Amino acid sequence: MNGAAMGKSSAHSVAEPSAGARRLAGAIVVAYALVTMIPLVWILLTGFKTPPDSISYPPKVVFEPSLEGYVNLFTNRSRQTPEYMASLPPPETWYDRLVRSRNMVITGPSRFADRYVNSVIIGFGSTFLAVFLGTLTAYAFSRFRVPLQDDLLFFILSTRMMPPIAVAIPIFLMFRELGLSDTHLGMILLYTAVNMSLSVWLLKGFMDEIPREYEEAAMVDGYTRLQAFFKVVLPQATTGIAATAIFCLIFAWNEYAFALLLTSGEAQTAPPFIPIIIGEGGLDWPAVAAGTTLFLLPVFVFTVVLRSHLLRGITFGAVRK
Amino acid sequence: MADLSLRGVAKRFGEQVAVEAIDLDVAHGELVVLLGPTGAGKTTTLRLIAGLETPDEGEIRIGGRDVTGEPPAARDLAFVFQQYSLYPHMTAYDNMAFPLRAPARRAAEGAIREKVAEVARLLHIGHKLDSKATRLSGGEMQRVAIGRALVRDPAAYLMDEPLSSLDAKLRSELRLELKRIQRETGATIVYVTHDQIEAMTMADRIGVLREGRLAQVGTPREIYETPRNVYVAARLGTPAMNLLPGDLLPVEGKPAGAVTVGARTEHLHLARAREGGGAGTVRRVEHLGDQNPVHVEVGEHTLVTLGDAALELRAGDRVDVRLDAPLFFGRDGERLAACPRCGRA
């Protein structure tokens, strides 16, 4: 009776999409990727334009590349009279020459490198702390009967329910009182606190997936719970830890509002610094774009390095359910 | 190796009673099987011995030492889990070496290598030692899991249905292998299973668990031939024991108060009935090759027994059913001794 219906699709499994559907899906993915790439490509290109090219209208897609943006990003310069310029010894380096062609001299390094280092310290520091504490917390929630477990987990999640900037003023006052304003420690603690909810919830999911038998076997075999945790649980959780670390780093790295409000000198990160790089007669767009490009790199590299962990996904565990 | 003893051990999970009033002694070098259906408390008992659960009441001793409050690592036991809990990030070799590398009793790498190789040979997995745990077949994984216990020389081995995930052939092979290893090494083993064949073939003694309590402890023969009650009797025998009303069929030796007759296949004799006679009708015959379970309807009851191939019974045949020295159970389910002079025709 239903033989006709059943005999029809013998060419391929019904669970697989047809060739046409697959091509359509591929086209959509490629189109979406192209659209999202446009701003990134534009930033990358702008970094290699001269300031006049960067603001020309209509926008220039084909232009003569220049490293002026990168030089401007890393240096402070001042304009000089032609007489003074003529009195100088010949330029020693390619960037000296580039700056002098604009009738300017380099007066010293800019603060970009400092800001960048601050971003690295604060971003990676807070990521490490958030993932480390989150792993331990998630393990405890996953394995022990914690009193008020559900309420505590909800409380941890609820710290995410308002925009972080809503608590900026109280935190500003607290930090001033505690002497944490404009310090690396203060920013690391703040970002760690904001990331904890994400870290605990993500990692608890991963921990729940790891069978208890692993630790139990290790504990019977003569390991303490802590030793079993490091020997057996942690290697199983690497995928989850890597994924969590990426999310935490992206937040801490890109965070703008707190950084703008709570840092000014010593501990300022790159995000509040990059958009206000002033050149002659306004924002120095090539320098801003160059800074943005360099700023994207670590997160990009970090994600690519940990991507294998993400892709490996679920290890096909040797425990049978 | 050492002896184990449990005294009045009880464990509850919330309202749920997992085990209660467990008294069990396992002698040095003895293999005791805990038998029971799912949820009877077999695994909980094992976990209590291992220290993975803490008892609410009672006392656990290993080699005479009270270990009730001690963590698992201090008890010097080896545990084989039902789900083979190999560490997927390690090779088979590292999995087996894992207990020997425990900080509590670290051995030299050379000694570890020797021991692992020896046990691997015993379990026929020597050629698989370098494979990742996840690359092994089900049977190999389980042998590595057993091997991980065998590399040690613990006070006792605890095994929680170690063979249940294997196919029939491998299971019977490993069953004999384990028994042989146990005999040779004189290991003390507490072995949990719901498989009566494993219980009968491997056990020195069987403890039958029922709803968290030990219903009976005894040698396989005792449990089989003189079960204390209906419950224990029904756990053993293939096909399962037929429980019939006491007056369904005439039987010799029925004591007063016997309301149930327990008839295993060896207690039942079928014979082709003469035309128009016979107490029962054959409803179905299963041809399994070596065995032919016959379903016979007697009154409103169906009993299952193994038929004699020579009888060549078919559905619809009328048969005479004779009971020969079956078991008798009273109203409360307790077994009653046969009374040799009762009910003689």
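1. Start with the layout of chain B. The C-alpha centres of domain 1 of chain B and domain 2 of chain B lie 38 Å apart. The domain assignment places domain 1 at 4-234 and domain 2 at 239-336. Seven residues of domain 1 of chain B and 10 residues of domain 2 of chain B make up the contact. On the domain 1 side, five of the residues are nonpolar, one is polar and one is charged.

2. A word on confidence. This is a predicted model. Chain B has a mean pLDDT of 88, and 99% of its residues reach 70 or more. For the complex, the predictor gives an ipTM of 0.80 and a pTM of 0.77.

3. Next, the six-stranded sheet of chain B. Its strands run in the order β6-β7-β8-β3-β9-β10, and the sheet is open. The pairing is mixed. At the edges are β6 (77-80) and β10 of chain B, each of which pairs on one side only. From one strand to the next, the twist averages 20 degrees.

4. Two pairings in this sheet deserve a look on screen. Strand β7 (residues 156-160) of chain B and strand β8 (residues 189-193) of chain B run parallel, joined by four bridges. To find the register, take B:D160: its bridge partner in β8(B) is B:V192. By contrast, strand β9 (residues 205-210) of chain B and strand β10 (residues 213-218) of chain B run antiparallel. Five bridges join β9(B) to β10(B). Here B:G207 has B:V217 in β10(B) as its bridge partner.

5. The turn between those last two strands can be checked directly. β9(B) and β10(B) form a hairpin, with two residues between them. In the turn, B:E211 has a positive phi of about 45 degrees.

6. Chain B also has a five-stranded sheet. The sheet is open and its order is β13-β17-β14-β15-β16. Pairing here is antiparallel. The edge strands are β13 (268-272) and β16 (301-306) of chain B, and each pairs on one side only. The twist averages 40 degrees from one strand to the next.

7. One edge of that sheet in detail. β13(B) pairs with strand β17 (residues 318-323) of chain B in the antiparallel sense, over five bridges. For the register, B:L268 stands opposite B:L323 in β17(B). A general reminder for anyone tracing side chains: in a regular strand they alternate between the two faces of the sheet.

8. Now chain A, and its helix pair. Helix α11 (residues 212-220) of chain A packs against helix α12 (residues 225-236) of chain A at an angle of about 140 degrees. Their axes are 9 Å apart. The crossing of α11(A) past α12(A) is right-handed. From α11(A) come A:Y214, A:E215, A:A218 and A:M219. They meet residues of α12(A) that include A:R225, A:A228, A:F229 and A:V232. The residues of this contact divide into seven nonpolar, one polar and three charged.

9. Which elements give two or more residues to the side of chain A that touches chain B? They are α11 and α12 of chain A. α11(A) gives the most, with six residues. Overall, 21 residues of chain A are in contact with 25 residues of chain B. The chain A side divides into 11 nonpolar, six polar and four charged residues.

Conventions. Residues are numbered from 1 along each chain as its sequence is written. Chains are lettered from A and ligands numbered from 1 in the order in which they are written. This is a predicted model: local features need pLDDT of at least 70, side-chain atom pairs count only at pLDDT 80 or more; totals for chains, interfaces and linings use all residues. Axes are lines fitted to C-alpha atoms, for helices over the stretch in contact, and angles run from 0 to 180 degrees between N-to-C directions. A crossing is left-handed if the near helix is turned anticlockwise from the far one by less than a right angle, and right-handed if clockwise. Two residues are in contact if their C-beta atoms, placed from the backbone, lie within 7 Å. Ala, Val, Leu, Ile, Met, Phe, Trp, Tyr, Cys and Pro count as nonpolar, Asp, Glu, Lys and Arg as charged, and the others, Gly among them, as polar. Domain bounds come from an automatic or database domain assignment. pLDDT is the predictor's confidence in each residue, from 0 to 100. Two strands pair if DSSP finds at least two bridges between them.
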